[in-house]
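I'm opening a fresh notebook page for this chain. The plan is to go from the overall layout to the metal, then the rings, then a few single residues.

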Amino acid sequence: MADLTIVPRHHHLAIQAGDLESSVAWYRDFFGAEEKWTLEEFSELTASRLPGIRRLVEVLVGDVRFHLFDRDGCGAESPPTQARQFQHLCMAVESPGELREMRRRWIELRASGRYRFALPDGPTDIVTDADGAQSFYAHDVNGLEFEFTYVPGAR
Ligand SMILES: [Fe+2]
């Protein structure tokens, strides 16, 4: 019988980057991500799962690890919107003010011209649902969607 006491916890999210340098810079500047380690030699299993993998960088945002990596032959084009995929990642902030600040920072970094964005889209407006939760959506430099949310009373 299965052991139902096993509860796996989240460890990291791996992101296939179009431009690794630009991605690491953007995660650092937008999220304040800390670069933890980098890897350039991979196991046979990794090489067979991800042919052409060149370099992987772990960055840490609070307690969320992102594994940013690039592969030969994977360019800057964004994934097709109809593809079956992990569709978005939601990150929560502590206040409506922090939510506005995240959106402002996204726009400021985009306008700086320092990063290569896969998509032309800007962030959505901040919307408030019936429970008072606020959120907006924006893409990272790779065209992957994030949601940013403030949920009153949530921890
Ligand atoms: Fe969501």
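**Entry 1: domains.** Before I look at distances between domains, I note that the domain bounds come from an automatic or database domain assignment. I also note that this is a predicted model. The assignment splits the chain into domain 1 (1-72) and domain 2 (88-155). I looked up how far apart their centres are, and over C-alpha atoms the centres of domain 1 and domain 2 are separated by 21 Å. The contact draws on 17 residues from domain 1 and 17 residues from domain 2. How much area is buried between domain 1 and domain 2? I get about 1400 Å², with carbon and sulfur atoms giving 68% of that area.

**Entry 2: overall layout.** I find 3 helices and 8 strands in the chain. Going along the sequence, I read the pattern as β-α-β-α-β-β-β-α-β-β-β. The C-alpha trace spans about 55 × 50 × 35 Å along its principal axes. Of the 155 residues in the chain, 34% are buried. I also checked contacts between residues at least 6 apart in sequence, and 55% of these join residues at least 24 apart.

**Entry 3: the iron ion.** Which protein donors does the iron ion have? I find His88, through NE2, and Glu147, through OE, at 2.1 to 2.2 Å from the iron ion. These two come from distant parts of the chain: His88 is in strand E5 (residues 88-92) and Glu147 is in strand E8, 59 residues apart. I then looked at exposure. His88 is partly exposed, with a relative accessible area of 36%. Glu147 has a relative accessible area of 12% and is buried. I keep in mind that water is not among the atoms, so the site may look incomplete.

**Entry 4: aromatic rings.** I counted ring pairs next, and the count comes to 16 aromatic pairs. One of them is Phe66 with Phe146, at 6.1 Å centre to centre and with 65° between the planes. Why do I call this pair edge-to-face? Planes over 60 degrees apart count as edge-to-face, and the planes of Phe66 and Phe146 are 65° apart. Phe66 sits in strand E4 (residues 64-71) and Phe146 in strand E8 (residues 145-150), so this pair ties together parts that are 80 residues apart in sequence. Both Phe66 and Phe146 are buried. I then followed the ring pairs outward. They link Trp26, Tyr27, Phe30, Phe31, Phe66, Trp106, Phe117, Phe136, Phe146 and Phe148 into a cluster. Phe117 has a charged partner too: Arg110 lies over its face, at 4.4 Å from the ring centre.

**Entry 5: Arg55.** I looked up Arg55 and found it in strand E3 (residues 53-61). Is Arg55 buried or exposed? With 19% relative accessibility, Arg55 counts as buried, because the cut-off for buried is under 20%. Leaving out residues up to four places away in sequence, Arg55 touches Leu20, Glu21, Thr38, Leu39, Glu40, Phe42, Leu68, Phe69 and Asp70. For Leu68 I also took the C-alpha to C-alpha distance from Arg55, which is 8.3 Å, with their positions 13 residues apart in sequence.

**Entry 6: two loop residues.** Leu50 is in the loop between helix H2 (44-49) and E3. I have Leu50 as buried, at 14% relative accessibility. Its contacts, leaving aside neighbours within four places in sequence, are Gln16, Phe69 and Arg71. I also took Leu50 against Thr128: they are 78 residues apart in sequence and 40 Å apart in space, C-alpha to C-alpha. Then I moved to Asp63, in the loop between E3 and E4. Asp63 is exposed, with a relative accessible area of 66%. From Asp63 to His10 I get 9.8 Å, C-alpha to C-alpha, for residues 53 apart in sequence.

Conventions
Residues are numbered from 1 along each chain as its sequence is written. This is a predicted model: local features need pLDDT of at least 70, side-chain atom pairs count only at pLDDT 80 or more; totals for chains, interfaces and linings use all residues. Side-chain values use heavy atoms; hydrogens and water are left out. Rings of Phe, Tyr and Trp (its six-membered ring) pair if their centres lie within 6.5 Å; planes under 30 degrees apart count as stacked, over 60 as edge-to-face and the rest as tilted. Helices (H or I, at least four residues) and strands (E, at least two) are DSSP runs, numbered from the N terminus. Buried means under 20% relative accessible area, exposed over 50%, partly exposed in between (1.4 Å probe, protein chains only). A charge sits over a ring if NZ of Lys or CZ of Arg is within 6 Å of the ring centre and within 35 degrees of the ring normal. Donors are N, O and S atoms within 2.8 Å of the metal (3.2 Å for Na, K and Ca); water is not among the atoms, so sites may look incomplete. Contact means heavy atoms within 4.5 Å. Buried area is the accessible area (1.4 Å probe) that two parts lose on being put together, summed over both.
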